Amino acid sequence: MKKRIGIGRAHSKIILMGEHAVVYGYPAIALPLKNIEVECRIKSAEQPLAFDFYDPLSTAIYAALDYLGKINEDTIGYDIKSQVPQKRGMGSSAAVSIAAIRAVFDYYDQPLEDNCLEILVNQAEIIAHNNPSGLDAKTCLSDTAIKFIRNIGFTELELNLNAFLIIADTGIHGHTREAVVKVAQFEEINLPYLAHLGELTAAAEKHIAAKDLMGLGQDMTEAHSCLQKIAVSIRLADYLVQEALQAGALGAKLSGGGLGGCIIALAEDAGQAQHIEQKLKEKGALHTWIEKL
């Protein structure tokens, strides 16, 4: 039995703390961005779908069809609507994969268990990205914050801060692989800063548990200083961080792999968040979003 249209949705994510240090065994904390979504619609089509295995959407649809035994059975097409910009550290690839797999299962009116969805998403991510950590997929599948430690795994974190996070897009593609290689090339010099990033992430986890917004904000701003010192930030990101702080943010930092991408800023209430968002728009942010924590 098939539906006329299968619909799947997913939300995006952002790294709060721990980028780059996570590669060296320190924790990272990622947040689901529930208001920034992707929607995929699967429908019948006259022409067979051409699979591009460098494209996360294609690999996700293929993984879902293969699991259901439908690879050569039907001709289908898709429409995708995404609020998530690509290559900004917001989990665009994982979110698209999740939405597409959900849409395929919905089209064929088949149940989809959470563990099966996660397996299929990770299959698609492995094809598209070779060796992903799984953090993007895990966070885009989650309604709660996620702590990740390499070779140890994932832990859910309760996040009930009654605060707001502003995400501001520099408009410049991030370059995670290049940034990781750049940090590794100067590993000996960078290790103290990476260790301090790990310490700040551990401190942030404690501040989150204690609902200490000032402490968390200070952790974020100090983390940005470390990211500058390992040379993964860019001038516009640094500028937007300073503008956010001057506009009253409790803390602000680069988020994600760097050499582009987004910055994030912490605000204690909705009014302050809107003020900071407006300032960042005026100062050159291409897109902005506000997420309640």
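How many salt bridges does the rule find across the interface of domain 1 and domain 2? Keep that in mind while you set up the view; the model on your screen is a predicted one.

**Stop 1: the two domains.** Colour residues 5–156 as domain 1 and residues 164–292 as domain 2, the two parts into which the protein chain is divided. If you place a marker at the C-alpha centre of each domain, the markers will sit 25 Å apart.

**Stop 2: where they meet.** Now select the contacts between the two colours. On one side you should have 28 residues of domain 1, and on the other 42 residues of domain 2. Together the domains bury about 2700 Å², with 66% of that area on carbon and sulfur atoms. Show Met17, His20 and Arg88 as sticks: in domain 1 these lose the most area to domain 2, together 28% of what that side buries.

**Stop 3: charges across the boundary.** Here is the reply to the opening question: the rule finds 3 salt bridges between domain 1 and domain 2. Polar contacts between the domains come to 11 residue pairs, counting those with both residues at pLDDT 80 or more. Next, highlight β1 (5–17) and β2 (28–44), the elements that each give two or more residues to the side of domain 1 that touches domain 2. Of these, β2 supplies the largest share, 8 residues. Colour that side of domain 1 by residue class and you will find 16 nonpolar, 7 polar and 5 charged residues.

**Stop 4: two pairs to zoom in on.** Start with Lys147 and Glu205, whose side chains form a salt bridge with an N to O distance of 3.3 Å. Then move to Lys253 and Glu19, where the salt bridge has an N to O distance of 2.9 Å. Lys253 belongs to strand β7 (residues 251–255) and Glu19 to the loop between β1 and β2, so this pair ties together parts that are 234 residues apart in sequence. If you show every salt bridge in the model, the rule's count comes to 8.

**Stop 5: an annotated span.** Finally, select residues 208–285, which an unreviewed UniProt entry annotates as "domain: GHMP kinase C-terminal". This span is 56% helix and 14% strand, and its end C-alpha atoms lie 27 Å apart.

How values were computed
Residues are numbered from 1 along each chain as its sequence is written. This is a predicted model: local features need pLDDT of at least 70, side-chain atom pairs count only at pLDDT 80 or more; totals for chains, interfaces and linings use all residues. Side-chain values use heavy atoms; hydrogens and water are left out. Domain bounds come from an automatic or database domain assignment. Contact means heavy atoms within 4.5 Å. Buried area is the accessible area (1.4 Å probe) that two parts lose on being put together, summed over both. A salt bridge is a side-chain nitrogen of Lys or Arg within 4 Å of a carboxyl oxygen of Asp or Glu. A polar contact is a pair of N or O atoms within 3.5 Å; within protein, one must be able to donate a hydrogen and the other to accept it, and residues adjacent in sequence count only if both atoms are side-chain atoms. Helices (H or I, at least four residues) and strands (E, at least two) are DSSP runs, numbered from the N terminus. Ala, Val, Leu, Ile, Met, Phe, Trp, Tyr, Cys and Pro count as nonpolar, Asp, Glu, Lys and Arg as charged, and the others, Gly among them, as polar. UniProt positions are given in the numbering used here, feature names are shortened, and annotations may be inferred rather than shown by experiment.
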